[in-house]
Amino acid sequence: MSFKVRVAPSGHQFSTEPGETVLEGALRQAVSLPYGCRNGRCGSCLGTLVSGAVDYPSGNTEALEGAPADACLVCQAVPRSDLVIKVREVEAIQDLEVRVLPCRVERIEHLSHDVLRMSLKLPESQRLQFLAGQYLDFILASGHKRAFSIANAPHDDRLIELHIRRVPGGEFTDYVFEQLKEKAILRIEAPLGSFFLREQSDRPIILMGGGTGFAPLKGIVEHAFHIGVERPMHLYWGVRSRRDLYLPDLPERWAAEHPGFRYTPVLSEPDPDWTGRKGWVHDAVCEDYPDMGPFDLYMSGPPPMIIAAREAFERAGLSPAHMYYDSFEYGAAKDAK
Ligand code: FES
């Protein structure tokens with residue numbers, strides 16, 4: 001049976017499907033409740049059961065030991081009736097705990113001539129709470145850090161996905177491409193950054209990525225689909241030539257499956273047989289949207305692209321308040337992202 005859950009004090013409501021935990025239902029409907037391990041151990045998700053009844057079919061309730069009798073372990077609780085729970089919702093990135101965690105390289109897949117996808121697995125008892133579009137830092141043995149955007153959406157957090165481009169002469173990416181093996185243990189600090197989907201807005205969305213700047217946009221788009229965002233979305237992906245579109249089928253599939261989603265790849269050094277858009281990606285956006293005033297714009301890429309685009313988009317009427325960007329500028333070392 002489905003049940004309704006109301007969250008106090010915000011009054012936000014969502015429903016749970018049969019067998020679904022309160023947390024799963026909340027995440028599916030974009031209600032951001034706090035969580036950490038998702039297996040009943042850490043207590044990050046503890047709230048208060050104001051009314052209604054729950055079961056704990058998993059039996060994973062370690063964090064309830066010593067907690068008040070009306071405590072509700074949101075990540076394990078499966079409603080037995082409609083509920084009212086009291087819990088502090090995650091409303092902004094400040095509410096997300098930045099943690100240093102070990103992680104294992106679960107999978108390395110070469111996606112193109114110079115980009116690989118690395119999938120990281122956290123220890124069994126840990127999950128990372130993050131907003132789609134945020135990034136993590138690898139903490140190297142030297143203490144230096146390397147920043148990479150998280151390419152998956154928070155609902156799909158079994159593994160953390162990164163897209164890593166090999167930068168000629170980049171020490172860390174040389175190491176990743178030449179020496180790093182699956183099963184290696186690395187240390188990360190996450191989640192970081194203020195690049196994430198503003199869910200309260202009702203404005204149509206333009207997303208623009210350069211190279212592996214596609215990664216955080218992938219997370220944002222997948223999150224938007226997951227929570228049922230109905231605002232029109234148009235993704236532009238700018239690269240040099242066709243071989244740099246390292247996941248070419250994915251945005252095509254999004255466009256085929258979601259009527260409100262459009263996709264335009266743009267090549268700056270097009271292959272001779274390329275019949276699609278050519279030139280700089282921000283120029284293509286401006287050609288298609290000469291009045292950008294009504295839009296929210298999310299862009300991610302190297303600083304020169306972001307700087308040129310910011311100016312062009314402002315000239316096209318887009319207020320800086322509606323431009324969200326991830327310009328790889330947060331102290332990232334030369335070979336990061
Ligand atoms: S998220 Fe850790 S106990 Fe629920």
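**Figure 1. Pairing of strand β8 with its two neighbours in the predicted model.** Val 100 has Glu 189 of β13 as its bridge partner. This contact belongs to the antiparallel pairing of β8 (residues 99-110) with β13, which comprises 6 bridges. The model shown here and in the following figures is predicted. Strand β8 also runs antiparallel to β9 (residues 115-121), again through 6 bridges. Within that second pairing, His 110 has Leu 116 of β9 as its bridge partner. The connection from β8 to β9 is a hairpin of 4 residues.

**Figure 2. Backbone features around strand β13.** Strand β13 spans residues 185-192 and contains Pro 191. The peptide bond between Ala 190 and Pro 191 is cis, with omega at about -5°. Lys 183 is located in the loop between α2 and β13. Its phi is near 85°, a positive value in a residue that is not glycine. Lys 183 has a relative accessible area of 56% and is therefore classed as exposed. As background to this view, most residues other than glycine have a negative phi, and most peptide bonds are trans.

**Figure 3. The cis peptide bond at Pro 9.** Ala 8 and Pro 9 are joined by a cis peptide bond, with omega at about 5°. Pro 9 belongs to the loop between β1 (3-8) and β2 (13-16).

**Figure 4. The open parallel sheet and its edges.** An open sheet is formed by 6 strands in the order β17-β16-β15-β14-β18-β19, with parallel pairing. Its edge strands are β17 (277-278) and β19 (323-326), each of which pairs on one side only. Strand β16 (residues 261-267) runs parallel to β17, and the two are joined by 2 bridges. In this pairing, Leu 267 stands opposite Lys 278 of β17.

**Figure 5. Helices α3 and α4 across the sheet.** Helix α3 (residues 214-226) lies across β14 (205-210), β15 (233-239), β16, β18 (296-300) and β19. The angle between α3 and β14 is about 150°. Helix α4 (residues 249-257) lies across β15 and β16, and runs at about 150° to β16.

**Figure 6. The largest nonpolar core and the surroundings of Phe 214.** The largest nonpolar core contains 31 residues. Leu 207, Phe 214, Leu 235, Trp 254, Phe 261 and Tyr 298 have the most contacts inside it. At least two core residues come from each of β14, α3, β15, α4 and β16. Helix α3 gives the most, supplying 7 residues to this core. Leaving aside residues up to four places away in sequence, Phe 214 touches His 163, Gly 209, Leu 235, Trp 237, Tyr 246, Leu 247, Leu 250, Pro 251 and Trp 254. Another core, of 24 residues, lies apart from the one shown, and includes Leu 101, Leu 116, Leu 120 and Leu 136.

**Figure 7. Aromatic pairing between strand β10 and helix α2.** The structure has 14 aromatic pairs. One of them is tilted: the ring centres of Phe 138 and Phe 172 are 5.4 Å apart and the planes stand at 45°. Because Phe 138 lies in strand β10 (residues 135-139) and Phe 172 in helix α2 (residues 171-178), the pair ties together parts that are 34 residues apart in sequence. Phe 138 and Phe 172 are both buried.

**Figure 8. Aromatic pairing between helices α3 and α4.** Phe 225 and Trp 254 form an edge-to-face aromatic pair, at 6.1 Å centre to centre and with 70° between the planes. Phe 225 is in helix α3 and Trp 254 in helix α4, so parts that are 29 residues apart in sequence are tied together by this pair. Phe 225 counts as buried at 19% relative accessibility, where the cut-off is under 20%. Trp 254 is also counted as buried, at 4% relative accessibility. Ring pairs link both residues into a cluster with Phe 214, Trp 237, Tyr 246 and Phe 261.

**Figure 9. Two buried cysteines.** Cys 45 has a relative accessibility of 3% and therefore counts as buried. Cys 75 is likewise buried, with a relative accessible area of 6%. A search of the whole structure finds 0 disulfides.

Note on methods: Residues are numbered from 1 along each chain as its sequence is written. This is a predicted model: local features need pLDDT of at least 70, side-chain atom pairs count only at pLDDT 80 or more; totals for chains, interfaces and linings use all residues. Side-chain values use heavy atoms; hydrogens and water are left out. A disulfide is a pair of cysteine sulfur atoms within 2.5 Å. Buried means under 20% relative accessible area, exposed over 50%, partly exposed in between (1.4 Å probe, protein chains only). Two strands pair if DSSP finds at least two bridges between them. Contact means heavy atoms within 4.5 Å. Axes are lines fitted to C-alpha atoms, for helices over the stretch in contact, and angles run from 0 to 180 degrees between N-to-C directions. A nonpolar core is a set of buried Ala, Val, Leu, Ile, Met, Phe, Trp, Tyr and Cys residues joined through side-chain atoms within 4.5 Å. Rings of Phe, Tyr and Trp (its six-membered ring) pair if their centres lie within 6.5 Å; planes under 30 degrees apart count as stacked, over 60 as edge-to-face and the rest as tilted.
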